[in-house]
Amino acid sequence: MGLLVHLLRHPEQRSRCTSGGWLPYLSCVTVSMRVLSAGEGYRYLLKSIAAGDTGRDLATLLTRYYSAAGTPPGFWVGNGLAGLEDPVLAEGGVVTEDQLRHLLGRGEHPVTGEQLGRAYFAFKPLRERVKIRTAKLSEALNADQREAAVEQIVAEEKQRKRPRTVAGFDYTFSVPKSVSVLWAVSDGGTQALIGQAHHAAIREVIDLLERDVAATRTGANGVAQVDVRGVIATAFDHFDSRAGDPQLHTHVVIANRVQAADGKWRTVDGRPLHAAVVALSEHYNAVLADHLTRVLGVEWEVRARGRDRNPAWEITGVSDDLIGEFSSRTAAIETEKQRLIEEYIARHGKHPSDTTIIRLRQQATLATRPEKEVRSLADLTTEWRDRATQVLGEDCTTWAMTLIQSGTHIGVLRADDLPLEQLGQIGEAVVAQVGVKRSAWRRWNLYAEASRQTMGLRFASTNDREAVIGMIVHAAEQASLTLTPPELLNPPAEFTREDGSSMFRPKHHTIYSSTRILDAEDTLLELSRTTTAPTVPLRTVGGVVARPDDRGITLSVEQQTAVEKIAVSGRTIDLLVGPAGTGKTTTLGALRRAWEKTHGAQSVIGLAPSAAAAEVLAEDLGIETDNTAKWLHEHDHGRWNLTAGQLVIIDESSLVGTLALERITTHASEVGAKVVLVGDWAQLTAVDAGGAFGLLTRDRGDAPELADVRRFHADWEKRASLQLRLGKTDVIDTYDDEGRIVGGDYEDILEAAYRSWYTDIADGKTSLLIAETNETVTELNTRARDDRILEGHVTPHGNTLRDGTQAGTGDIIITRKNDRRLSTVSGSWVKNGDRWRVTAHHDDGSLTVARADARNATRVLLPAAYVAEHVDLGYAVTAHRAQGSTVDTAHAIVHSSSMTRENFYVAMTRGRASNTAYVATDEAHLEEHQLSDGEPTAHSILYGVLQHEGAEKSAHETIEAEHQAWASIAHLADQYETIAQAAQAEHITELLENTGLESDVLAQITDSETFGSIVTTLRRAEATGHQPERLITRALKAGPIASADDPVSLLRHRIQQLATRTTPGRRISQRRRFIAGFIPEATGPMPADMRRALDELHKHIEDRAEVLADEAINTRPAWMNGLGSIPQKGTDAWEKWKMRLRVVVAYRDRYRVDADTLLGSRSDDTQHRLDRERVEALLSAGAGNVPPPGAAAVSREGLQR
């Protein structure tokens, strides 16, 4: 308890997150997850296994593989194995290639080959897809029309993205680096103990996953989430990284087949698996640390990992120097370089020159490209121990034994050692920390933070740790504000979990926020609507905007309008929204001149999220500026305040956190100042809780916005950039047609991007080389420096920077920390993000630098300590660093579709003359077994990028989105369809029993996955007036089904044909019944609780349709023109028109139609087509047209398809 109290009382001892804000005990992510595609990928899991292995002993897994080249065989994990009912498939048993082929390659039982649930989807070949579509072309087409139609079909099918069949989910469990290092250099007994601790931690994380994460989905569109009987997983141990460094890690592949409580095999619900990854990673870190402390007595401490890396918990006593020896390719490159130097000396009899050494290093870099090599653990261990002994200066195995023996064996805690009051305090701290970075969160975000908060404590068992974490998370949920609305429906017993929750809501689905964040957003919204702020007379504004500025530039009409709207609005918070390159700076210059004419000189000041951006704003507008964090710091200490009549321009406002904006604007309101937020909601957003700029923009509706893109030389790129901003995927073709997309293997596109950038620089152009990751940035920076050395622009020797690279005279560098003590004679101080040219490097490690982009640059001396910690080479940058820059050309490297739309948009809008994307299509960042089934294209990867939105929603918008999602007819109708199917399944079973079917055939029908489809078909037929018992009887009389290859599918086909080809009776009891005009109503005998639930849903759907119809009448969307002119209220025509409107809005909400046409595009989905045809028939009849023979004929046609 003492440590917990200490941590609570001394928050200053918690680690600081490098991206800003305080996040206690933030550790590196040691568990990652990738989706595994069906196909041959499973074979790569076996690729490195030692030949001849037929069994394994977990207790000695790391010692018995010293001599064999390879890794241990995989083993089975998971409680779901029991459902396979095969003694061969026991926990810990060996996995064979045949078993993997069945399970991961085909979705079958690993031993018997029996299909587990539905078979994998088979994507038809191109020729077959074209043939099917061509056969449906109208016979009325002439030869030219048919040829054109066929060409269009071929083009569309070629572009059609191959659907990815998910075979499993590959979780990679990697021990912290210090653990890998200790394992690598220890004796065999210690290695075995570390391996056992690693496996035990994995199993306990899988236990948590099985209890709280794993689930499957059932019902219409998977609307119901169902618990499962554990997971089936295979685990494969690996010893080293691709670079050959010690990296003890295990791939645990969870098969995409789980057994639900009803015994049926279904696919895994992937949503919670993705959502829980970080929480599972933090849990693994903590559980592994507990095990190692209990077994070996080691202690743990927080280590800073530099500005761009999260702090991590490592074993006390395993130094950073030793970890660094095994943490990068640098050592391998240096070793190979030294070998090449020695070879050069032997060949030429002299030491190579500095220039030659650079060339040899480039050769070494290429020679040491990480190509995974299968080696024995004996070879690896010998190499690792030699390297470690050199670093330590003593025998490494002896050192490891001494380290373990010197451990203090600190006490461990039980769950009841911790007072509930203090756990509640930690729960509140968890909410506060999560709220720093997010506007909204879920349970797994709280779980991850609770694990970080308690990482410094060691527990007696995993049960004790999980009990404490559970109490903390519960307290955090109680301290949070729930944004998700309550369930509208009281579900029937069949759809209620044991804990009383509804299966129609996924576990841990609730979204939370805090009153602090919601209050801040409320304040911002109120101030954006308040019109008591200072203004500028319209005549004054008109006089300014009509004249050219000092550069002779005259504002466009939209720029003039924007200035006028802001200057005269009186809003405390105003906005200027503008995509990249629309002339926001020019517009703000005019606003500044108009404001100062009324409120005096220096009445306009500027703020920006970074000091570098603030300096640019100061230079562009000629005003005093600073960064928002500095201003708030000075304001809090009573030194900086706003005054009445001031205009505060906050540039790049989308990057400013909500709480910071609220504090600044509240102060402005109190003193009578005005704030203008400038930015673009489609670009990168704040690292803190954000979304406020987008919220204010969408709330206004009429916010001043610039749409005329001026930056780009090419007209097509002006238009294309706006489409890119909105995520319109068709624009990919435009960029491709203009030669702006280069696809290929990672190394090839890296070479192409680098060469293009280097050529532009050599031609005197300004250019950006933009990479997705810091690792790629470092690699490109090193390469650029080497080339500049070879060309004589940079000295070979230099001073070491924070990432291990060097900077010498002539290099371009970037400073990474604001330091106002370091300034030039002109008063310009060193800022985070500034680019400098090194004019001299000094023996003490310091650098003399001058601004890289200034004509008459004055110099500043960067001290050695600053250089070692806060300086990078500045040739390549990330998209975050690139935002706000304008250059001649930009070259953006895209590693994968995990890049966000916002990052890609920023990267592709920096260059005036050209912006080119270099897309890696070989998935080099993945291991071989994680590769997609079928190589992706540059087009498909960029499609994924544009679909990947990274911008955070505000808490207010999250509330709206949650209410719309859970109250939508899409969700309500899915529930209705699912309950109706379950409600009538028993009735349909009775009807089938009454026909005299053989018991085995009857069981085959009712146990089949297809039975639900039969029930749904009969229910829909009954809604149109058919009698289910008659359809079943006639279907069975059409011929025997028992001898058919698939009796169930045959019966369904016959029922569908009868329902679509025969006319139902016309008795009152057989009248058609539809909800909202097109959703078939469920009738017939059923359990009382299901009848009640269906009636509730019926009412909710009708009520929702009425609300949406009223909203449409008030807002008059463009699609409503399709219903014709609006009749006068109170007339019969009005009532009929309103009825049609209700049907249309219900249909649009059911199928999430957002097009401007009445019903949107057509769908290939059978139910969707059927409902559309029913709505079209109703609209046709309501418009006075004569429908085809009976409106039901249209529906019957839909059912047949």
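Where does H35 bend, and by about how many degrees? In this predicted model, H35 bends at Ala 985, by about 35°. Helix H35 covers residues 969-993, and at 1.5 Å a residue its 25 residues should span 36 Å, which agrees with the 35 Å that separates its end C-alpha atoms. The helix is also mostly covered, since 20 of its 25 residues are buried.

**The nonpolar cores**

The largest nonpolar core holds 94 residues, and those that touch the most other members are Tyr 171, Phe 173, Leu 209, Tyr 284, Leu 292 and Leu 446. Helix H9, at residues 277-296, gives the most to this core, with 10 residues. A second core, separate from this one, has 49 residues, including Ala 982, Trp 1137, Val 1145 and Val 1175.

**Helix H16 and its surroundings**

Of the 11 residues of helix H16 (residues 443-453), 10 are buried, so the helix is largely enclosed by the rest of the structure. The buried residues include charged ones such as Arg 443, Glu 449 and Arg 452 as well as Trp 444, Leu 446 and Tyr 447. Their cover includes the helices H7, H8, H9, H15 and H17, together with strand E13. Leu 446, one of the buried residues of H16, touches Val 430, Val 431, Val 434, Trp 441, Val 473, Ala 476, Glu 477, Ser 480 and Tyr 512, when residues up to four places away in sequence are not counted.

The elements below are among those that cover the buried residues of H16.

| Element | Residues |
|---|---|
| helix H7 | 188-212 |
| helix H8 | 270-275 |
| helix H15 | 420-437 |
| helix H17 | 462-479 |
| strand E13 | 512-513 |

Helix H17 also contains Ala 467, which counts as partly exposed because its relative accessibility is 33%. The C-alpha atom of Ala 467 is separated by 9.4 Å from that of Arg 414, although the two residues are 53 residues apart along the chain.

**The packing of H40 and H41**

Helix H40 (residues 1088-1115) packs with helix H41 (residues 1132-1150) at an angle of about 105°, and their axes are 8 Å apart. That angle makes H40 roughly perpendicular to H41. On the H40 side, the residues that meet H41 include Arg 1104, Glu 1106, Leu 1108, Asp 1110 and Ile 1113, while the H41 residues that take part include Trp 1134, Trp 1137, Lys 1138, Arg 1142 and Val 1145. Trp 1137 and Val 1145, which are thus part of this contact, are also among the residues of the second core.

Key: Residues are numbered from 1 along each chain as its sequence is written. This is a predicted model: local features need pLDDT of at least 70, side-chain atom pairs count only at pLDDT 80 or more; totals for chains, interfaces and linings use all residues. Side-chain values use heavy atoms; hydrogens and water are left out. A nonpolar core is a set of buried Ala, Val, Leu, Ile, Met, Phe, Trp, Tyr and Cys residues joined through side-chain atoms within 4.5 Å. Buried means under 20% relative accessible area, exposed over 50%, partly exposed in between (1.4 Å probe, protein chains only). Helices (H or I, at least four residues) and strands (E, at least two) are DSSP runs, numbered from the N terminus. Contact means heavy atoms within 4.5 Å. The expected span of a helix is 1.5 Å times one less than its number of residues. The bend at a residue is the angle between axes fitted to the seven residues ending there and the seven starting there. Axes are lines fitted to C-alpha atoms, for helices over the stretch in contact, and angles run from 0 to 180 degrees between N-to-C directions. Angles under 35 degrees count as roughly parallel, over 145 as roughly antiparallel, 65 to 115 as roughly perpendicular and the rest as oblique.
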